[in-house]
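The exercises below concern the model shown here, which is predicted. Work through each task with the coordinates open before reading its solution.

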Amino acid sequence: MKYKNIREEELKNKVGAEWFKQFDTTEILGNIDFTVFPIQDSLFGRTPLLWAEAKTGNYDVPTMFVQLILTIGKARTFDKTMPPAFLGAFDFKKIAFVPYINIQDIFYLNDFNWNVTPSNHETKEFKLIKERIESTLKQKTYIFDYEKDKKELITFIKNNVAKATTKSKIKIDKNNFIPIYLRWLEIVKPTIDVNWEDLKKANIFDNDFYLADLFVDDQGTQDIDDDLTIRDNLFVVFQNQGYKIAKENIKQMFDATINLKNKETYKQFWKLYKRPPIKEYQDYIIKRRDLLVPQDIRERKGAYFTPRIWVELSQKYLTDYLGKDWQDDYYIWDCAAGTGNLLAGLTNKYNIYASTLDQADINVMHERIDHGANLLKNHVFQFDFLNYDFSKLPTSLQDIINDPVRRKKLVIYINPPYAEATTSKTVAGTGSNKAGVTTDFKIKEKLNPIIGSASNEMFSLFMAIIYENIQGCKLGQFSKLKFINGSNFRKFKEFFLAKYEGGFVVPAVTFDNVKGKFPIGFTIWDTAEESKIDTISTDIFDKKGNFSGSKNFYGNLPKSINKWFVKYQSKSDNHIGLLSNYPPDFQNQAKVFIKIKPMARGGAIKIVGENLIPISIYLSVRHSIDANWLNDRDQFLYPNDGWKKDLDFQSDCLTFTLFHGQTRITSKEGINHWIPFTEQEVNAQNRFDSHFMMDFINGKNKIDSKSNLFESEETKTIKRVFSTDAKLVFDAGRELWKYYHSKPNVNANASLYDIREYFQGRNSIGRMNSRSDDEIYMKLIGELRHKLDFLADKIKLKIYEYEFLKK
């Protein structure tokens with residue numbers, strides 16, 4: 001058999017390498033086992049070619065496809081990113097393909113419970129899906145045996161997968177036709193070759209062109225011949241690759257066809273959406289053309305506002321949770337509305353309330369209403385939420401809040417300020433200094449005994465007030481995620497006991513005027529159901545809005561890694577270096593380093609032979625994984641004891657520490673005890689002042705009599721044996737040291753830091769340059785970093801195995 005007796009990960013790697021090597025098979029998309037993408041991006045991003053289920057046993061094809069369909073449906077992946085051209089399923093013997101378009105309707109089943117475990121083949125949902133698709137699979141599936149059908153499989157991939165352009169599109173309904181219009185304004189409208197001012201005089205607007213685009217089929221052919229109501233209500237129609245004015249009293253004035261300047265842009269945009277809209281929503285869309293108001297009327301962009309892409313996505317998540325008719329079934333209150341940007345795209349103005357502190361923002365919203373914004377003036381009001389007096393709310397809103405039944409139908413939908421409440425000048429996120437925020441925090445004094453340090457954050461004050469005074473409502477909010485995994489939010493999590501219902505995270509830099517790499521989340525909570533925040537799983541979207549998987553945030557974490565490594569604090573004065581002591585998360589990664597001289601911040605750990613291995617593990621764990629926007633607040637944790645017997649892991653971490661840039665040992669500050677070679681190995685011009693590191697590696701170090709660390713399994717002196725990957729790092733380092741020592745009159749005791757400084761030099765403000773003019777050096781340092789990256793990849797696996805980080 002082709003791939004028998006191997007693990008699933010190895011199976012996926014082998015299938016990817018052997019059959020799809022001309023594509024990108026590395027992208028992780030939620031819980032989908034295997035994905036295939038083209039290498040190159042198109043104008044609108046990469047279109048997925050294949051999503052597949054992988055199994056190590058010998059499975060029947062329908063069962064594999066049903067599990068894949070349940071996986072996609074549960075996460076609603078088809079709504080979050082473009083669907084692929086094909087779905088696939090493979091095991092150790094065979095691989096099968098089915099065009100996505102042939103089964104896509106299964107994802108739109110009414111009243112179907114997608115919240116089941118896809119791998120449980122005994123649920124009624126699993127059996128129902130299997131029953132629904134088996135006949136389709138028999139007719140539409142292509143199945144290939146890896147060995148018997150090798151040529152046919154290669155040909156199929158070449159002629160079908162490689163050339164695939166997905167026919168699967170996002171369906172247009174009453175919940176997304178406005179967000180699609182807002183995108184259309186940015187992309188399609190500029191390509192229409194017309195004088196918009198002339199059209200406005202005739203009461204023809206851009207939304208008429210958008211409706212013309214909606215009511216054609218996917219070939220751009222008018223699709224309304226059998227529906228006179230829709231045809232009679234279109235003032236513009238799309239035909240013959242251009243637009244024609246159809247309004248009876250003025251069409252003679254604009255007799256010529258209005259052409260597109262860029263037909264390719266138009267074509268690429270509409271490839272994303274299935275036209276015309278779903279039949280049951282067509283009348284609604286025509287009747288509610290009043291909602292298609294240009295964006296400059298919908299929102300006034302101030303210093304801080306919620307980006308349109310995330311407004312649209314958050315409303316989609318609310319739709320998924322509350323149902324397609326949620327805007328009619330629920331009341332909505334944005335109590336930190338600013339100028340109302342978050343409310344763009346909502347349709348039922350009679351159910352929408354908006355409040356903010358600043359009267360100037362109220363004036364802006366009222367002006368927008370005068371120009372067509374979909375809000376009611378008497379539902380838009382000035383209100384200081386943080387110094388709240390609910391008796392000042394509109395009577396209709398009070399009635400909702402005071403009625404326990406109607407309160408459960410209230411959605412608090414907000415992007416509150418993220419500034420710390422201790423001072424109005426403290427900037428901590430996208431909402432800092434946002435208009436509509438009080439600077440008089442009397443409520444902070446009241447809530448501080450209840451939620452502790454969380455009262456320093458404005459967004460958590462909003463959450464606490466909502467939970468205390470409007471319990472029972474639904475809460476959909478943008479915020480940092482520190483209230484889940486932050487160490488200062490323990491008391492808050494004992495107070496805020498709402499049930500998490502879903503959400504997503506995005507890079508903070510996508511919000512205007514935000515600096516820093518961290519996630520901003522949109523999370524949905526049911527305050528009527530009591531549940532302690534433990535672990536929440538969010539979907540991940542990159543800055544372009546592409547779905548890229550899921551991320552767990554943990555509310556109940558064990559002790560931190562800093563509680564672990566302080567056990568190895570030495571009292572000896574004969575230390576070889578000092579390790580800085582900073583908070584145990586990725587945002588403080590750059591502050592974790594080793595030096596000889598004491599640092600400005602106190603509490604550094606003295607490094608001696610007895611604790612060199614634990615300290616090396618600490619530095620390696622903190623630096624083997626790069627900090628990024630997504631892991632910025634992830635906490636490093638107190639490990640299990642597995643590392644103590646893993647000598648290979650210990651030696652890998654020692655190697656990583658010896659050659660990593662955050663080991664900032666320099667002989668200018670004292671004796672360099674960190675040279676990992678003998679003089680003979682690197683052709684040194686003089687004898688080294690210290691052989692500590694080579695003695696340590698060879699197990700020749702003596703226990704310091706002044707050390708308070710007793711010899712134990714993890715501190716005892718032994719001869720170190722290095723893995724193949726570690727040896728490659730040593731080999732690359734040795735060549736660099738030899739090249740340095742070939743130069744005249746160099747410092748025999750130079751550290752890696754000193755060698756880098758020698759070749760790279762410093763700029764006018766004393767900072768080390770990033771490059772050197774010496775090409776040989778650049779090649780050698782590049783090779784060392786390359787080998788170190790390979791070693792880091794190996795260490796990463798152990799970081800999770802020994803629970804220094806949670807997955």
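**Exercise 1. A sheet and its edges**

The sheet for this exercise is open and mixed in its pairing, with five strands in the order β1-β2-β3-β4-β5. Task: find which strands stand at the edges of the sheet, and name the bridge partner of V36 in β2.

Solution. Step 1: in general, the strands of a sheet pair through backbone hydrogen bonds, in a parallel or an antiparallel sense. Step 2: in the order β1-β2-β3-β4-β5, β1 (34-36) and β5 (142-145) are the edge strands; each has a single partner strand, so one side of each lacks a neighbour in the sheet. Step 3: ignoring direction, neighbouring strands here are turned against each other by 20 degrees on average. Step 4: β1 pairs with β2 (residues 50-54) in the antiparallel sense, over three bridges. Within this pairing, V36 has L50 in β2 as its bridge partner.

**Exercise 2. A second sheet**

Task: give the order of the strands in the open sheet that contains β21, β20 and β22, and state which residue in β21 is the bridge partner of L579.

Solution. Step 1: the three strands are ordered β21-β20-β22, with antiparallel pairing. Step 2: β21 (594-595) and β22 (605-607) are at the edges with a single partner strand each, so each has one side without a neighbour in the sheet. Step 3: β20 (residues 577-579) pairs with β21 over two bridges in the antiparallel sense. L579 has I594 of β21 as its bridge partner.

**Exercise 3. A hairpin and two backbone exceptions**

Task: describe the connection between β7 and β8, then state which peptide bond at P276 is cis.

Solution. Step 1: β7 (residues 236-239) and β8 (residues 242-245) are paired antiparallel through four bridges. V236 has I245 in β8 as its bridge partner. Step 2: the two strands form a hairpin with two residues between them. Step 3: most residues other than glycine have a negative phi, and most peptide bonds are trans. Step 4: N240, in the loop between β7 and β8, is not a glycine, yet has a positive phi of about 55 degrees. Step 5: the bond from R275 to P276 is cis, its omega being near -5 degrees. P276 is in the loop between β10 (273-274) and α11 (282-287).

**Exercise 4. Two helices, α6 and α10**

Task: classify the packing of α6 against α10 as roughly parallel or roughly antiparallel, and list the residues that meet.

Solution. Step 1: α6 (residues 177-187) and α10 (residues 263-270) pack at about 160 degrees, and their axes are 11 Å apart. Step 2: angles over 145 degrees count as roughly antiparallel, so α6 is roughly antiparallel to α10. Step 3: the crossing of these two helices is right-handed. Step 4: from α6, I180, R183, W184 and I187 meet T265, F269 and W270 of α10. By class, this contact has five nonpolar residues, one polar and one charged.

**Exercise 5. α28 and its contacts with α27 and α29**

Task: describe how α28 crosses α27 and α29, and give the classes of the residues in each contact.

Solution. Step 1: the axes of α27 (residues 724-741) and α28 (residues 752-760) come within 11 Å and cross at roughly 55 degrees. The two helices are therefore oblique to each other, and the crossing is left-handed. Step 2: L736, W737, Y739 and Y740 of α27 meet L752, I755, Y758 and F759 of α28. This contact has eight nonpolar residues, no polar and no charged. Step 3: the axes of α28 and α29 (residues 775-801) come within 11 Å and cross at roughly 145 degrees, again in a left-handed crossing. Step 4: here L752, R756, F759 and Q760 of α28 meet Y777, I781, L784 and R785 of α29. The classes are five nonpolar, one polar and two charged. Step 5: L752 and F759 take part in the contact with α27 and in the contact with α29.

**Exercise 6. An aromatic pair**

Task: decide how the rings of F459 and F489 are arranged.

Solution. Step 1: a pair of aromatic rings is described by the distance of the centres and the angle of the planes. Step 2: the whole structure has 73 aromatic pairs. In the pair F459 and F489, the centres are 6.3 Å apart and the planes at 15 degrees, so the pair is stacked. Step 3: F459 is in α19 (residues 458-469) and F489 in the loop between α20 (482-485) and α21 (490-495), so the pair ties together parts 30 residues apart in sequence.

Key
Residues numbered from 1 in each chain as written. Predicted model: local features only at pLDDT ≥ 70, side-chain atom pairs only at ≥ 80, totals over all residues. Heavy atoms only, no water. Pairing = 2+ DSSP bridges. Axes fitted to C-alpha atoms, helices over the stretch in contact; angles between N-to-C directions. Parallel < 35°, antiparallel > 145°, perpendicular 65-115°, else oblique. Left-handed = near helix turned anticlockwise from the far one by under 90°. Contact = heavy atoms within 4.5 Å. Nonpolar A, V, L, I, M, F, W, Y, C, P; charged D, E, K, R; others polar. Phe/Tyr/Trp six-rings, centres within 6.5 Å; stacked < 30°, edge-to-face > 60°.
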